[in-house]
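Opening my notebook on a structure I haven't looked at before. I'll jot down what I look up as I go.

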Number of protein chains: 2
Amino acid sequence: MNVAQPIEWTGKGVVMLDQRRLPGEVIHHTYTDYREVAAAIKDMVIRGAPAIGVAAAMGVALGVERSSARTLDELRAEFPGICRTIAQTRPTAVDLFWAIERMTRRFEQLSAANTPFDALRRALVEEARAIHAEKRATDEAIGRFGAKLMPATGQVMTQCNAGALATAGIGTALGVIRVAIEEGHKLSVFVPETRPYLQGARLTAWELHEGGVPLTLITDNMVGHFMKQGKVDAVVVGADRIAANGDTANKIGTYQIAVLAREHSVPFYVAGPVSTFDLTISSGEQIPIEERSAEEVTHIRGVRIAPDVPAAHPAFDVTPARLISAIICERGVARAPYTESLRRLASIVMAIS
Amino acid sequence: MNVAQPIEWTGKGVVMLDQRRLPGEVIHHTYTDYREVAAAIKDMVIRGAPAIGVAAAMGVALGVERSSARTLDELRAEFPGICRTIAQTRPTAVDLFWAIERMTRRFEQLSAANTPFDALRRALVEEARAIHAEKRATDEAIGRFGAKLMPATGQVMTQCNAGALATAGIGTALGVIRVAIEEGHKLSVFVPETRPYLQGARLTAWELHEGGVPLTLITDNMVGHFMKQGKVDAVVVGADRIAANGDTANKIGTYQIAVLAREHSVPFYVAGPVSTFDLTISSGEQIPIEERSAEEVTHIRGVRIAPDVPAAHPAFDVTPARLISAIICERGVARAPYTESLRRLASIVMAIS
């Protein structure tokens, strides 16, 4: 199955798919300077927490690989500036800082060991590629665990884009669907367009279509209608943050899909890596909801659709754990009570780590 | 309170507000030929069942008033063509045929009585204006009954446009809100944008804003989030067709708002004239759902937002009676069991009729 690649390390530089132009145009940029990678992250050429982490790591590696420093000391002096430039792009992206920190640790380790200059450059490129490979492995593990929960035949609904475009792997929610199909399930996907940003219409519909997965695009207000008609057999969505009790913050609209799923006895699954678990908060009540610009509601793709009136734009909502049938991560499937199951999965020391 | 006027009979002709251009441009057309009125109905300059009925009546009156016939016989020969032209505009609009039939009955009555030519022309114009006045009176009666159900202070949600623009009165659902505000209720309105056609964003937001009613525009997937936050005190929507048992067909998205309202213990009201009651069908199961063009989902205001993938576009959905707290019509308020209450209201012979 064809999987969209939002980012790749190539001999020519870091190649990114420009997600802002999808689905109208499929344009790849090749970056040979870390400042270009930073600008691409900031300008949302790439989006989705895991994919941003990969981009940040590759940006740091590119900065080191293409540095004009002639000695290790010169590179040591330049390195913090590279990291700072990458860090100042998306201030709320946790994966961005995690990736920069990991690249910094690796740099300091090699630098402290007085690794030969060329070997150090190669090792940092390898570290960035390793981060990318780990994201892919995480998605694939989520996909394998989740696929077992999918119906043998039927229609699955998702929301927003928890796909390859967001993770640089096979996707979390969409990874579950992909693996299930590869394993022989006969699935088609209901894709709500996901206003205001239209990630469903622009990204998920494009990604599934490219991958040959059958889909039906709907508007966000058709969800209940199709569930009532018995046409939805399961829902699987991604997660931005999962509290210790299982309450899950995700793209606006997820909560009401969960309520509608419960009303129609449709199982509702959340798929997210352990890195989205936030066990320091006991419930979703403590997750702040980002309020974004009202202009994103009154305009669509730059076209004004409403008069100049007040509009609300909460970017996320919180789905209470009681509406979630299971949470799928790369270490297994958590079921209620989540306070226990999530803690158990989070504490597993993985053989690969 | 300023009420938008989608159509008016004036000394200069039939004046219509071009709803296709809202909210960007407020353009009125003055029609002096019945063929122009027919084209305006067909091209959706005006929409909404009651407003289309008024337009049809005025179109017939205009055809008679401006006819070049010199004798009653000549006019008798011309009349069926006028009606046919108006009738061939929106083949599924029940109000259109009702209005043409009523105008035809009046014409035949006057014609049979050999009414003087000028008096007959004046009488048909009066009949069209009477139809318009009756629509206004119906809305106002719905508004008065419904206002009593509105909270003294709070936020009310609606869906689509069941407003003055649709009825040529003060609106049904929006009429309830208007009258409540006039009677001293402190209300603001949550307006879901109502994809795919965006009647909420384009028409309801515009109409309420023009009328000085405070509002917040939201996307259709924010409904559950705001209800969960306790910010919605009541929902009031219009109706396209109400079955004998109270099941109600209305714009797509209405059903899921009703499910969410029940989940959050928010009362859910339907406002519609007795003419929307269809007591010949026992339940909503028998209401066919119009499937419209997928292009209306993949495009917004002419701009492509999705790749070339299959999209579904049911234009309406059916809300089961069990989710409806009350049905408000011009003769009173129906409560469950609706099979009895709707029949009782439908059989009342009104003093004004």
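**Across the interface**

I started with charges: the rule finds four salt bridges across the interface of chain A and chain B. Keep in mind that this is a predicted model.

I picked one of them to look at. The side chains of Arg322(A) and Glu263(B) meet in a salt bridge, 3.4 Å from N to O. Tracing where the partners sit, I found Glu263(B) in helix α10 of chain B and Arg322(A) in the loop between β14 and β15 (326-329) of chain A, so the pair crosses between chains. For the whole structure, over all chains, I noted 34 salt bridges.

Next I looked up polar contacts. Across the interface of chain A and chain B there are 24 residue pairs of this kind, both residues at pLDDT 80 or more. Then I asked which parts of chain A touch chain B: α8 (199-210), β6 (215-218), α9 (223-228), α10, α11 (295-298) and β14 (316-319) each supply at least two residues. By class, I have that side of chain A down as 31 nonpolar, 13 polar and ten charged residues.

**How much is buried**

How many residues does each chain bring to the contact? I get 54 from chain A and 54 from chain B. Between them the two chains bury about 4200 Å², with 68% of it on carbon and sulfur atoms. I also wanted the top contributors on chain A: Asn221(A), Gln256(A) and Ile305(A) supply 16% of the area that chain A buries against chain B, more than any other three residues.

**The α10 pair**

Gln256(A) sent me to helix α10, residues 254-263 in chain A and in chain B. The two α10 helices pack at an angle of about 85 degrees, and their axes are 10 Å apart. Because angles of 65 to 115 degrees count as roughly perpendicular, I wrote down α10(A) as roughly perpendicular to α10(B).

I listed who meets whom: Tyr255(A), Gln256(A), Val259(A), Leu260(A) and Glu263(A) meet Tyr255(B), Gln256(B), Val259(B), Leu260(B) and Glu263(B). In this contact I have six nonpolar, two polar and two charged residues.

**Backbone oddments in chain A**

Last, I checked the backbone. The peptide bond from Leu22(A) to Pro23(A) is cis, with omega near 0 degrees; Pro23(A) is in the loop between β2 (13-17) and β3 (28-31). The bond from Arg195(A) to Pro196(A) is cis too, with omega near 0 degrees, and Pro196(A) is in the loop between β5 (186-192) and α8.

I also marked Asn114(A), a residue other than glycine with a positive phi, near 50 degrees. Asn114(A) lies in the loop between α4 (94-112) and α5 (117-147).

Methods:
Residues are numbered from 1 along each chain as its sequence is written. Chains are lettered from A and ligands numbered from 1 in the order in which they are written. This is a predicted model: local features need pLDDT of at least 70, side-chain atom pairs count only at pLDDT 80 or more; totals for chains, interfaces and linings use all residues. Side-chain values use heavy atoms; hydrogens and water are left out. Axes are lines fitted to C-alpha atoms, for helices over the stretch in contact, and angles run from 0 to 180 degrees between N-to-C directions. Helices (H or I, at least four residues) and strands (E, at least two) are DSSP runs, numbered from the N terminus. Angles under 35 degrees count as roughly parallel, over 145 as roughly antiparallel, 65 to 115 as roughly perpendicular and the rest as oblique. Contact means heavy atoms within 4.5 Å. Ala, Val, Leu, Ile, Met, Phe, Trp, Tyr, Cys and Pro count as nonpolar, Asp, Glu, Lys and Arg as charged, and the others, Gly among them, as polar. Buried area is the accessible area (1.4 Å probe) that two parts lose on being put together, summed over both. A polar contact is a pair of N or O atoms within 3.5 Å; within protein, one must be able to donate a hydrogen and the other to accept it, and residues adjacent in sequence count only if both atoms are side-chain atoms.
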